[in-house]
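Okay, thanks everyone, I'll keep this short. Let me put the thing up on the screen so we can walk through it together.

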Amino acid sequence: MMDNEADNRFERRIARLKRHWRWIIVGTLLCALASFGVSLLLPNVYRTTTKLLVSESKIGPGTELPAWQYATLSTYEPFVDNDALIHKAIKKFYLDESPYRLDIDSFRRKGILDVQAIKSTRLVEISIEFPDAHLAADLANFFAQGAVGFNNRLNATGATSSRSFLAEQLKEAEANLAEADARRTRVRARTQIEDQEKELDILLTAKDSLST
């Protein structure tokens, strides 16, 4: 008895689908057209990925790295994902100009750069998402080369030289921050002047009306 009821329900559903087959086809076509229209309106975003191979341990040839040494690969991420290198990339490729007008904050908010240490490997993956395919590839190579150069310079110097180098990087970052603060101050001052001019125009208009 239960099997007959289940069969009857199934047949009723099939019959209902057959009665509305035109609406089902129309809905499917409308969804496909809507998806196509949205894909045309959205800007293209290209993703470029490059990988850095971290040098093997000096323990000896053929020695497998323990798990804890793989975990320390995440310490290489700041060699790539740092504000100083992002600022240099923005200046080098003129990303602070039209049409992108990026700064360090907007560069990070848009998620353009993604750096991850691949689990259980000696690879650090650098991914760039950008509307321009050529710029995406150039940015990925720039960050990879910048990380390698940064690491080489640190390894080539002693403790004192490393401190000096990091102090220079800090001064450069502070100078960039001061420049950004100065720009913000100029913009605020210009905005205040424009607001005062608007208020003056309103007062002059009101004065002319009262005089009339």
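I'll go through the sheet and then the core. One thing to say up front: this is a predicted model.

So, the sheet. We've got three strands in an open sheet, ordered β1-β3-β2, and the pairing is antiparallel. Why do β1 and β2 each have a side without a neighbour in the sheet? Well, β1, residues 46-53, and β2, residues 113-117, sit at the edges and have a single partner strand each, so one side of each is left free of a neighbour there. On average, neighbouring strands here are turned by 20 degrees against each other, ignoring direction.

Now the pairings themselves. β1 goes with β3, that's residues 123-130, through eight antiparallel bridges, and if you want a spot to look at, R47 has E129 in β3 as its bridge partner. On the other pairing, β2 and β3 run antiparallel with five bridges, and there Q116 is partnered with E125 of β3. Those two strands make a hairpin with five residues in between, and S120, in the turn, has a positive phi of about 60 degrees.

Okay, the core. The largest nonpolar one has 29 residues, and among those with the most contacts inside it are L95, F107, L113 and F143. Elements giving two or more residues are α4, α5, β2, β3 and α7, with α7 (133-156) giving the most, nine residues.

Let's zoom in on F143. Which residues does F143 touch, leaving out those up to four places away in sequence? That would be V80, L85, I86, A89, F107, L113, I126 and I128.

Definitions and conventions: Residues are numbered from 1 along each chain as its sequence is written. This is a predicted model: local features need pLDDT of at least 70, side-chain atom pairs count only at pLDDT 80 or more; totals for chains, interfaces and linings use all residues. Side-chain values use heavy atoms; hydrogens and water are left out. Two strands pair if DSSP finds at least two bridges between them. Helices (H or I, at least four residues) and strands (E, at least two) are DSSP runs, numbered from the N terminus. Axes are lines fitted to C-alpha atoms, for helices over the stretch in contact, and angles run from 0 to 180 degrees between N-to-C directions. A nonpolar core is a set of buried Ala, Val, Leu, Ile, Met, Phe, Trp, Tyr and Cys residues joined through side-chain atoms within 4.5 Å. Buried means under 20% relative accessible area, exposed over 50%, partly exposed in between (1.4 Å probe, protein chains only). Contact means heavy atoms within 4.5 Å.
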